[in-house]
Amino acid sequence: MSKKRIVSGMRPTGKMHLGHVHGALLNWKNLQHEYECYYFIADWHALTSEYANPTIIKETTYEIIMDWISVGLDPDVCTFFIQSEIKEHAELHLIFSMITPLPWLERNPTYKEQLRELTQRDIYTYGFLGYPVLQAADILMYKAHGVPVGEDQAPHVELTREIARRFNHLYTDVFPVPDVLLTPTSKVLGIDRRKMSKSYGNAIFLTDTDEEIERKVSQMITDPQRKRRKDPGDPGICNVFSFHEIYSDEQTVNEIDGACRKAEIGCVECKKMMAEALKKGLAPIREKRRELEADISKVKEIMREGCQKARDVASETMKEVRAAVKLP
Ligand code: TRP
Ligand code: SF4
């Protein structure tokens, strides 16, 4: 039996940090053998908020692809592509925009929240309201069965499902209705204990040097209740400990857990150990990345092939779509 297909994307607004790795990429990696995976750079989506400063999009697209491959997404197994290289997405978006009732978009919780929060940018635009319509085009173009995303994206996939049903109902059955494959939320937080994000300035990037990692880890907020060295701590609420759980061996994790609760270890020492484990854990990823950086033409070739494969699928889907809506 052929594998089910999944599609997911990321907006190219900066290089990858550990929030991306533990919040999405390792999940994508786990899915890569079970599903036929289409992973793409959503550069048109980035343009909805970055339209005034599009250079960031161009600069980060290939950085992100190299990050993806470095963490273990396998270009021989997954199809990587760039959204704007597949012009069919724009056509499908246009057709979906005809059949999508405005209230579906206006009541979207992510939309309302972003309008409130992204006050530095003027995103009260036609394109930004239509963000989930474009996302529906991305997903349905490949007739995906599933969409691996975090909780924040679930309403968008819900809308994709509604658009698929509406299209199938109005015309003919073209699209499977895709499932949300919810990514387990990452335990790792930024160094200030907020969600890790480039815009908060609290992120550890895959491309950070050893010195940057050491400095950032030393600044991490630990158990906020543990004010003095002699106070016992609670690893269960400590972000440093969450990193230990991922990057340190089991015995060390258990020892730290016990020692922290009895105030037998200080946070400074604990962080030093974590920084070492983290650097060790990231070393093979950084090594792989250096290889890719030295051979950009190979990365470009991977993208050319991926885009071609995506384009072939998209062109077949669009034939069916045009026939369904009785357009040439
Ligand atoms: N909206 C997603 C995000 O902000 C990116 C995205 C665009 C996407 N198109 C998609 C994700 C299709 C999954 C499927 O992260
Ligand atoms: Fe966190 Fe380690 Fe400090 Fe305990 S000792 S609070 S686990 S940093």
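**Helix packing and the surroundings of ligand 2**

Helices α3 and α13 are oblique to each other, because the angle between them is neither under 35 degrees nor over 145, nor does it fall in the range from 65 to 115. In this predicted model, helix α3, which spans residues 55-70, packs against α13 at an angle of about 135°, and the two axes lie 8 Å apart. The crossing that α3 makes with α13 is right-handed.

A second pair of helices is formed by α4, covering residues 88-99, and α8, covering residues 131-140, whose axes come within 8 Å and cross at roughly 120°. Helix α4 is therefore oblique to α8, and the crossing of these two helices is right-handed.

Helix α13 also takes part in the surroundings of ligand 2. The space that ligand 2 takes up is the largest cavity, and the elements that contribute two or more residues to the shell around the ligand are α11 (239-247) and α13 (267-293). The residues found around ligand 2 are Thr222, Asp223, Arg226, Cys238, Val240, Phe241, Cys260, Ile265, Cys267 and Cys270. By character, the shell around ligand 2 comprises seven nonpolar residues, one polar residue and two charged residues; among the nonpolar members are Val240, Phe241 and Ile265, with cysteine also counted as nonpolar, whereas Asp223 and Arg226 are charged.

Definitions and conventions: Residues are numbered from 1 along each chain as its sequence is written. Chains are lettered from A and ligands numbered from 1 in the order in which they are written. This is a predicted model: local features need pLDDT of at least 70, side-chain atom pairs count only at pLDDT 80 or more; totals for chains, interfaces and linings use all residues. Side-chain values use heavy atoms; hydrogens and water are left out. A residue is near a molecule or strand if one of its heavy atoms lies within 4 Å of it. On a 1 Å grid over the protein atoms alone, a cavity is a set of points where a 1.4 Å probe fits but cannot get out, and a pocket is an open set with protein on both sides within 12 Å along at least five of seven lines; lining residues have an atom within 4 Å of a point. A molecule sits in a cavity or pocket if more than half of its atoms lie within 2 Å of its grid points. Helices (H or I, at least four residues) and strands (E, at least two) are DSSP runs, numbered from the N terminus. Axes are lines fitted to C-alpha atoms, for helices over the stretch in contact, and angles run from 0 to 180 degrees between N-to-C directions. A crossing is left-handed if the near helix is turned anticlockwise from the far one by less than a right angle, and right-handed if clockwise.
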